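Student: I'm new to this one. Could you show me how to read it, one feature at a time?

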Amino acid sequence: MTQSKLLLGKKTTNGDSSGQDLVPPSPPSYEEATTGTSGPCYSDAEMLTEFTWDDHNIRRIFIRKVYAILMIQLFVTLAVVALFTFCDPVKDYIQANPGWYWSSYAVFFVTYLTLSCFSAPRRQFPWNLILLAIFTISLSYMTGMLSSFYNTKSVVMCLGITAAVCLLVTVFSFQTKIDVTSYHGVLFIFCMVMFISGLVLAIVLPFQYVPWLDSIYATLGAILFTMFLAFDTQLLLGNNRYTISPEEYVFATLSIYLDIVYIFSFFLQIFGTTRE
């Protein structure tokens, strides 16, 4: 081994007229080695941009779907309310047969629990839309029967007030930087207070102890469900602390629709004038 090294040294010294030793070439850099390759390469910024764009696109489609179904629900409810308010034969029939009201209430309660508590029925097409349609018809009947006991002008006025309030709350929820979804604990406590107060009023009001308690309760109920409307709208947007999955479009539509109907019902109790 030593002799071979000496011979190699002699050959190098004798053969190189300039006196320079042979130096092995250095390995190529990563840039040189990868120059001219045709494989795909994506930077982190491009992947992040693509993912963010897809997420926003899905959220926009989700919002459009929810509001499209909501508009159909509100149109059905408005048609039923107008029929029960302006058509005297229909109005007289539903007031003379309260059994239909309790039947629709039972259907409303069952479908509401099914869509709220069980994820499979509200995600499985087309059963989710069928259950939502049954829920909408039953709640529309209940709202229409409630409206039939009030003056026509009062019903129209309350419809206008409800539309204006819902529009303002929706615009506020879309534009504000206040995260309403972080106040879910306050809404829960407020809801429990309203529930207990409703049970107390159900006992007190028939005896006519404090007649103005009904108006106070209706005012607080309108405020509560206006706050719920802002809460559910921001859950729909998906840019706050809490959000709702795009797969839950039926539950999102159900929540916003229920908020609007309850706001209208409480406004009827506040501003409505009963028929003589």
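Tutor: Sure, starting with confidence: pLDDT is the predictor's confidence in each residue, from 0 to 100. This is a predicted model, where local features need pLDDT of at least 70 and side-chain atom pairs count only at pLDDT 80 or more, while totals for chains, interfaces and linings use all residues. Residues are numbered from 1 along each chain as its sequence is written, and side-chain values use heavy atoms, with hydrogens and water left out.

Student: Over residues 1-15, where does pLDDT stay?

Tutor: Under 50, and the model has two contacts beyond four places in sequence for that stretch. Contact here means heavy atoms within 4.5 Å. Residues 36-54 also stay under 50, again with two such contacts. Where pLDDT is low, the predicted coordinates should not be read in detail. For the protein chain, the mean pLDDT is 77, and 75% of residues reach 70 or more.

Student: How many helices and strands does the protein chain have?

Tutor: Helices (H or I, at least four residues) and strands (E, at least two) are DSSP runs, numbered from the N terminus. This chain has 11 helices and zero strands. Among its elements, helix 1 (residues 2-15) has the lowest mean pLDDT, 45, and helix 7 (residues 127-148) the highest, 91.

Student: How do I read the way helix 5 and helix 7 cross?

Tutor: Think of axes as lines fitted to C-alpha atoms, for helices over the stretch in contact; angles run from 0 to 180 degrees between N-to-C directions. The axes of helix 5 and helix 7 come within 8 Å and cross at roughly 145°. Residues of helix 5 that meet helix 7 include Y101, Y105, F108 and Y112, and F135 is among their partners in helix 7.

Student: What about rings: which ones link into a cluster?

Tutor: Rings of Phe, Tyr and Trp (its six-membered ring) pair if their centres lie within 6.5 Å; planes under 30 degrees apart count as stacked, over 60 as edge-to-face and the rest as tilted. The structure holds 14 aromatic pairs. One of them, W102 with Y105, is edge-to-face, at 6.4 Å centre to centre and 70° between the planes. Both lie in helix 5 (residues 99-117), three residues apart, about one turn of the helix. Ring pairs link Y101, W102, Y105, F108, Y112, F135 and Y257 into a cluster.

Student: Why does W102 count as exposed?

Tutor: Buried means under 20% relative accessible area, exposed over 50%, partly exposed in between (1.4 Å probe, protein chains only). W102 counts as exposed because its relative accessibility is 57%. Y105 has 36%, so Y105 counts as partly exposed.
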